[in-house]
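Thanks for coming. I will talk through one chain today, going sheet by sheet and then on to a pocket. Please have the sequence and the model open while I speak.

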Amino acid sequence: MAQSIYIADDEPSIRRLVSVALRDEGYKTEEFSDGVTLLAALRHTLPDLVVLDWMMPEPDGLEVCRRLRADPATRPVPVLMLTARSDEGDRVAGLTVGADDYLSKPFSLRELAARAKALIRRKEYLSAQPRLLRAGGLTMNLDSRQADLEGRPLELTAKEFDLLSFLMRHSGQVLTREQLLDTVWGVGYAGEARTVDVHIRYLRQKLEREDKTGRYIHTLRGVGYRFAPPEKDGD
């Protein structure tokens, strides 16, 4: 069965170009002109990917993405954000609300198709991994996408959740920024490696104690990061 992609953009010409390009790659597509109809469709059927325009009329793409990540049913669906906004602050804003990738207009249809393929492949990889992770008082349920630390719920964005779960699955291993970008953000992601650093900083703020000693996520300067939880509380 063909994998399905929902495309939401208020510009019919862009919507049609994206749809044709993805269908040529073997995907089944459905088109939506606004966030309201997209959200209504998602209540009935979940696609393998959502291609979402930022600048749609209310609710705009950012708000739609927030709602997708707030709902456990739609939270696992990858989101590729399309936008005419190209400033770094705008990219960070889109990723912070839970977009999995970001493509600025005008864009190459071949690149869009490649990124869509990478996001769907990453989703399949993640779904095949162990569904419950535990280490050092930290628990992550990959089905409900909930995490808690010593019984205290952690409020994580979608990208923070994916990054932390990947680090946990490779506990003790040193992972480079490039490895994390390729796996968590997807092969072909054009963002800067410092995107990883920003998300690690946010994760540490939510995981660590006031002394911020990095007792869960350790930095290897010039190399990358390693997940190594303490054996005992207070270590």
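I start with a sheet of 3 strands, which is open and has the order β10-β12-β11, with antiparallel pairing. The edge positions belong to β10, residues 174-176, and β11, residues 217-220. Each of those two has a single partner strand, so one side of each is left without a neighbour in the sheet. Ignoring direction, neighbouring strands here are turned by 35 degrees against each other on average. Before I go on, I should say that this is a predicted model.

Now the pairing in that sheet. How many bridges join β10 to β12? There are 3, and the two strands run antiparallel. β12 covers residues 224-227. If you want one pair to find on screen, take Val174, whose bridge partner in β12 is Arg226.

Two helices go with this sheet. Helix α7, residues 177-185, packs on the sheet and touches β10 and β12. The direction of α7 makes about 75 degrees with that of β10. The other is helix α8, residues 194-207, which lies across β11 and β12. Relative to β11, α8 runs at about 145 degrees.

Next, the sheet of 5 strands. This one is also open, its order is β2-β1-β3-β4-β5, and the pairing is parallel. Which strands are at the edges? They are β2, residues 28-32, and β5, residues 101-104, and each pairs on one side only. From one strand to the next, the twist averages 20 degrees.

As a reminder, strands of a sheet pair through backbone hydrogen bonds, and the pairing can be parallel or antiparallel. Within this sheet, β3 (residues 49-53) and β4 (residues 79-83) run parallel and are joined by 4 bridges. Asp53 stands opposite Leu82 in β4. Helix α1, residues 12-24, packs on the sheet, where it touches β1 (4-8), β2, β3 and β4. The direction of α1 makes about 170 degrees with that of β2.

One residue I want to point out is Arg110, in helix α5, which spans residues 109-127. Is Arg110 buried or exposed? Its relative accessibility is 75%, and the cut-off for exposed is over 50%, so Arg110 counts as exposed. Arg110 and Leu22 are 88 residues apart along the chain, and their C-alpha atoms are separated by 9.2 Å.

Now the pocket. The largest pocket has a volume of about 340 Å³. Its lining is made of 17 residues, and those nearest the centre are Arg75, Arg145, Leu154, Glu155 and Leu156. By type, the lining residues are 8 nonpolar, 4 polar and 5 charged.

Which elements supply at least two residues each to that lining? They are α3 (61-70), β8 (146-149), β9 (152-154) and α6 (158-169). Of the elements, α3 gives the most, with 3 residues.

Last, the chain as a whole. It has 235 residues, of which 49% count as buried. There are 8 helices and 12 strands. Taking contacts between residues at least 6 apart in sequence, 57% join residues at least 24 apart. That is what I have, and I will take questions.

Methods:
Residues are numbered from 1 along each chain as its sequence is written. This is a predicted model: local features need pLDDT of at least 70, side-chain atom pairs count only at pLDDT 80 or more; totals for chains, interfaces and linings use all residues. Side-chain values use heavy atoms; hydrogens and water are left out. On a 1 Å grid over the protein atoms alone, a cavity is a set of points where a 1.4 Å probe fits but cannot get out, and a pocket is an open set with protein on both sides within 12 Å along at least five of seven lines; lining residues have an atom within 4 Å of a point. Grid points are joined across faces, edges and corners, and a volume is the space filled by probe spheres set on the points. Ala, Val, Leu, Ile, Met, Phe, Trp, Tyr, Cys and Pro count as nonpolar, Asp, Glu, Lys and Arg as charged, and the others, Gly among them, as polar. Two strands pair if DSSP finds at least two bridges between them. Axes are lines fitted to C-alpha atoms, for helices over the stretch in contact, and angles run from 0 to 180 degrees between N-to-C directions. Contact means heavy atoms within 4.5 Å. Buried means under 20% relative accessible area, exposed over 50%, partly exposed in between (1.4 Å probe, protein chains only).
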